[in-house]
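Grab a pencil and work through a few short exercises. Try each task yourself before you read its solution.

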Amino acid sequence: MKAIELNHPLIEHKLAILRDKNTGTKEFRELIKEIGMFLCYEAMKDAELEEVEIETPIKKMKTGKLNEDKYAFVPILRAGMGLLEGVTSVIPNAKIGHIGMYRNEETFEPVNYFFKVPKDIEEREVIILDPMLATGGSALDAIDLLKSKGVKKIKFICIIAAPEGIVKVEEKHPDVQIYCAHIDEYLNENKYIVPGLGDAGDRIFGTK
Ligand code: PRP
Ligand code: URA
């Protein structure tokens, strides 16, 4: 599956502010939340609705409703937490799991330090959240962990994706659809996305 990129002038506008090194923590967090909402709408384009009958003030009608119990969001800690508020404003009743991971600064390999997901995770469609898809190492490990728990349908939402990370996910997990706000150019020698936005976790939490 080819990565789906939000292609909209307002998203480019929001990304311009987000990427700017002079943008402070408060505004950075607000923008991650807002773009996360739009990514969630895009990721739910193929959602199956259940037919229900409702009554408007004018008349009865048949329409579609989402069964929110079929979904779970799984942010990759820490930075994935920044996307959680936006996506849960779209699907408030989805359950939430957490995967703790950080990149070893020398090997750039992900280190898993936490894993806690809803008991019935294998019955849910899982949407993984992480603002940055760089080498793809963290995404691959998160997907592997979820599949080992029996999860059958997985989507991956990020703000910025590097071509290198997209290729890795597409090769190993062609069934996982990636949604991103923008596909950037390449990774630098420290495996940071260029031009990117810097360290997403540090900018969300103000840790540097
Ligand atoms: C960042 C980011 C991803 C990962 C992406 O996390 O949020 O999880 O790096 O890199 P990869 O595609 O090369 O694996 P980081 O290790 O900085 O941890 P943090 O979220 O705690 O800041
Ligand atoms: N993690 C980040 O936060 N930023 C990058 O550019 C790459 C990995």
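The expected span of a helix is 1.5 Å times one less than its number of residues. Keep in mind that the model you are looking at is predicted.

**Exercise 1. Check how far helix α2 reaches against the expected span.**

Step 1: Find the helix. α2 covers residues 25-43, which gives it 19 residues.

Step 2: Get the expected value. At 1.5 Å a residue, 27 Å is expected.

Step 3: Compare. From its first C-alpha to its last, α2 reaches 26 Å, close to that expectation.

**Exercise 2. Work out which residues of α2 are buried, and look at their spacing.**

Step 1: List them. The buried ones are F28, L31, I32, I35, G36, L39, C40, E42 and A43.

Step 2: Recall some helix geometry. With 3.6 residues a turn in an α-helix, residues three or four places apart point the same way.

Step 3: Try a residue that isn't on the list. R29 also sits in α2. Its relative accessible area is 41%, so R29 counts as partly exposed.

Step 4: Look further afield from R29. E125 lies 96 residues away along the chain, and the two C-alpha atoms are 26 Å apart.

**Exercise 3. Find which element gives the most to the largest nonpolar core.**

Step 1: Meet the core. It has 35 residues, and those with the most contacts inside it are L15, L18, F73, L129, I157 and I159.

Step 2: See where the core comes from. Elements giving two or more residues include α1 (9-19), α2, α3 (81-90) and β10 (153-161).

Step 3: Pick the top contributor. That's α2, with 7 residues.

**Exercise 4. Explain why C158 and C180 don't form a disulfide.**

Step 1: Remember what you're looking for. A disulfide is a covalent bond between the sulfur atoms of two cysteines.

Step 2: Search everywhere. The whole structure turns up 0 disulfides.

Step 3: Check the distance. The cysteine sulfur closest to that of C180 belongs to C158 and is 5.0 Å away, so the gap is too far for a bond. The cut-off here is within 2.5 Å.

Step 4: Check burial too. C158 has 0% relative accessibility, so C158 counts as buried; C180, also at 0%, is buried as well.

**Exercise 5. Describe the largest pocket and its lining.**

Step 1: Give its volume, about 730 Å³.

Step 2: Go to the centre. Of the 31 lining residues, Y102, R103, Y192, D199 and G201 are the closest to it.

Step 3: Sort the lining by class. You get 15 nonpolar, 8 polar and 8 charged residues.

Conventions. Residues are numbered from 1 along each chain as its sequence is written. Chains are lettered from A and ligands numbered from 1 in the order in which they are written. This is a predicted model: local features need pLDDT of at least 70, side-chain atom pairs count only at pLDDT 80 or more; totals for chains, interfaces and linings use all residues. Side-chain values use heavy atoms; hydrogens and water are left out. Helices (H or I, at least four residues) and strands (E, at least two) are DSSP runs, numbered from the N terminus. Buried means under 20% relative accessible area, exposed over 50%, partly exposed in between (1.4 Å probe, protein chains only). On a 1 Å grid over the protein atoms alone, a cavity is a set of points where a 1.4 Å probe fits but cannot get out, and a pocket is an open set with protein on both sides within 12 Å along at least five of seven lines; lining residues have an atom within 4 Å of a point. Grid points are joined across faces, edges and corners, and a volume is the space filled by probe spheres set on the points. Ala, Val, Leu, Ile, Met, Phe, Trp, Tyr, Cys and Pro count as nonpolar, Asp, Glu, Lys and Arg as charged, and the others, Gly among them, as polar. A nonpolar core is a set of buried Ala, Val, Leu, Ile, Met, Phe, Trp, Tyr and Cys residues joined through side-chain atoms within 4.5 Å.
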